[in-house]
Amino acid sequence: MIQPRFADLLDRVMGLDAALIGTSAVDRAVDARIRANNLPGTDAYWALLQQAPDEVQALIETVVIPETWFFRDPAAFDAMVRLCAPRLADGSAPLRILSLPCSTGEEPYSIAMALLDAGWPSARFRVDGVDISHQALGLARRAVYGRNSFRALDLGFRDRHFEAVEREWHLKERVRGCVQWQQGNMLDAAFLAGAAPYDVIFCRNLLIYFDAATQGRAVAVLRRLLAPQGLLLAGHSESGVVSAHGFASAQIPMAFAFRKAEAVVAPKQAPRTPARPVKPAPHPVTPRPAFKPSQPAPVSPPPPGMDGLWTLLDSGRLDEAERACQTYIRTHGASADALLIQGLIADARGDATAAAASYRKVLYLDPDHGEAIGHLALLLRKQGNHARADLLTRRLARQNGSNG
């Protein structure tokens with residue numbers, strides 16, 4: 001096992017909590033860079049890192065493993081289109097959208113395609129894709145994708161926006177021109193300093209790799225960059241983190257969409273009518289006992305259905321979501337979707353054992369359940385079980401390949 005100083009370095013420069021991806025992943029990255037630089041061992045490589053910022057970036061590139069595809073979690077894109085629709089007709093300034101991290105480009109290009117398909121002219125919006133990885137940004141700019149990037153159930157967007165060239169798909173210029181790219185580290189003090197506020201920020205499945213302190217720093221950056229009435233899209237397992245740092249759910253099932261808490265205004269109450277002055281009675285009056293009609297016993301609200309479960313999870317109300325999910329399973333039986341929600345609740349709490357057990361139950365009921373495969377693969381990778389995670393990733397790729 002390689003000394004923890006390398007994990008500490010990655011924590012300082014990019015906020016990565018090595019325990020969440022497995023220290024073996026850091027070990028393999030360091031070994032790879034030692035071989036690439038033809039060095040005798042870890043001490044020599046550590047010395048190189050102290051004097052070569054480019055090598056620190058190379059180590060980051062080796063650790064970062066992009067795992068993304070077009071229209072991943074489609075409810076988030078649907079929420080963006082629906083909530084931004086009023087801006088299309090009001091003649092206001094162009095919509096500003098940030099994808100952070102943007103990885104190899106699938107997410108920011110999905111944002112652009114969703115808006116174009118909803119009737120937005122390209123001049124009315126701008127998408128900024130930012131990532132710490134130069135290599136990922138290079139692939140994003142190239143905009144040529146293989147089968148693994150197309151895992152959505154509906155691949156109609158591929159026919160509209162891509163050209164097939166042998167076994168690859170080349171994104172059309174109309175979409176490529178909607179996205180601007182930039183390399184950056186959101187934990188740097190000067191990150192996007194002076195940038196105009198964004199109306200929408202996609203920051204999904206990044207916070208889960210940070211420890212609690214770094215999560216707080218990262219959410220503070222998102223607050224700074226988001227417009228007062230803006231929309232933040234987070235990942236499945238990040239709703240609790242976002243809610244704990246001043247954001248409120250937009251109440252859209254499965255979208256994991258949030259606004260700044262101060263932007264969610266409670267409805268105004270109607271003014272109360274002043275009470276009329278009461279004249280004192282001239283003589284003492286013995287009050288009659290008030291007539292009280294029999295009151296029906298209070299009726300408990302019905303347990304939430306599947307949409308209600310997603311809303312509770314989306315809002316970060318994990319305890320309520322867990323109780324409601326247990327009630328749902330007792331009432332309706334253990335469906336794949338209910339078990340998936342159980343796994344996501346456990347995942348959000350950091351209970352890897354319970355989360356993995358729930359994901360495996362989903363796959364017992366539905367062996368082709370893409371979300372369960374993806375989440376279980378990510379969980380296993382965090383635990384250092386890369387062999388099993390790779391098997392699941394290849395299984396998902398084969399499954400989506402057969403659909404496309």
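Does arginine 5 count as buried, partly exposed or exposed, and at what relative accessibility? In this predicted model, arginine 5 counts as partly exposed, because its relative accessibility is 23% and the buried class is reserved for values under 20%.

The protein as a whole provides the setting for this residue. Its secondary structure comes to 18 helices and ten strands, and of its 404 residues, 48% count as buried. When contacts between residues at least 6 apart in sequence are considered, 70% of them join residues at least 24 apart.

A search of the whole structure for salt bridges finds six, among them the pair formed by arginine 5 and aspartate 43, whose closest N and O atoms are 2.6 Å apart. Arginine 5 belongs to helix 1 (residues 5-14) and aspartate 43 to helix 4 (residues 42-51), so this salt bridge ties together parts that are 38 residues apart in sequence. The partner of the partly exposed arginine 5 is itself exposed, since aspartate 43 has a relative accessibility of 53% and the exposed class begins over 50%.

Another of the salt bridges is formed where the side chains of glutamate 55 and arginine 33 meet, with an N to O distance of 2.8 Å. Here too distant parts of the chain are linked, glutamate 55 being in helix 5 (residues 53-63) and arginine 33 in helix 3 (residues 23-36), 22 residues apart. Both members of this pair, glutamate 55 and arginine 33, are buried.

A salt bridge is also present between aspartate 117 and arginine 160, in which the closest N and O atoms lie 2.8 Å apart. Because aspartate 117 is in helix 7 (residues 106-117) and arginine 160 is in helix 9 (residues 156-161), the pair ties together parts that are 43 residues apart in sequence. Aspartate 117 is partly exposed, with a relative accessible area of 38%, and arginine 160 likewise counts as partly exposed, at 46% relative accessibility.

With regard to cysteines, the count of disulfides comes to zero. Cysteine 203 counts as buried, at 1% relative accessibility, and cysteine 325 also counts as buried, at 1% relative accessibility.

The packing of helices was examined for one pair. Two packed helices are described by the angle between their axes and the distance between the axes. The axes of helix 15 (residues 336-349) and helix 16 (residues 352-365) come within 7 Å and cross at roughly 165°. Helix 15 is therefore roughly antiparallel to helix 16, given that angles over 145 degrees are placed in that class, and the crossing of the two helices is left-handed. On the side of helix 15, the residues that meet helix 16 are Ala336, Leu339, Leu340, Gln342, Gly343, Leu344, Ala346 and Asp347; on the side of helix 16, Ala354, Ala355, Ser358, Tyr359, Lys361, Val362 and Leu365 take part.

Serine 358, which has its place in helix 16, illustrates this packing at the level of a single residue. When residues up to four places away in sequence are not counted, serine 358 touches Leu339, Gln342 and Gly343, and these three residues are listed among those of helix 15 that meet helix 16. Serine 358 counts as buried because its relative accessibility is 8%, which falls under the 20% cut-off.

Terms used
Residues are numbered from 1 along each chain as its sequence is written. This is a predicted model: local features need pLDDT of at least 70, side-chain atom pairs count only at pLDDT 80 or more; totals for chains, interfaces and linings use all residues. Side-chain values use heavy atoms; hydrogens and water are left out. A salt bridge is a side-chain nitrogen of Lys or Arg within 4 Å of a carboxyl oxygen of Asp or Glu. Helices (H or I, at least four residues) and strands (E, at least two) are DSSP runs, numbered from the N terminus. Buried means under 20% relative accessible area, exposed over 50%, partly exposed in between (1.4 Å probe, protein chains only). A disulfide is a pair of cysteine sulfur atoms within 2.5 Å. Axes are lines fitted to C-alpha atoms, for helices over the stretch in contact, and angles run from 0 to 180 degrees between N-to-C directions. Angles under 35 degrees count as roughly parallel, over 145 as roughly antiparallel, 65 to 115 as roughly perpendicular and the rest as oblique. A crossing is left-handed if the near helix is turned anticlockwise from the far one by less than a right angle, and right-handed if clockwise. Contact means heavy atoms within 4.5 Å.
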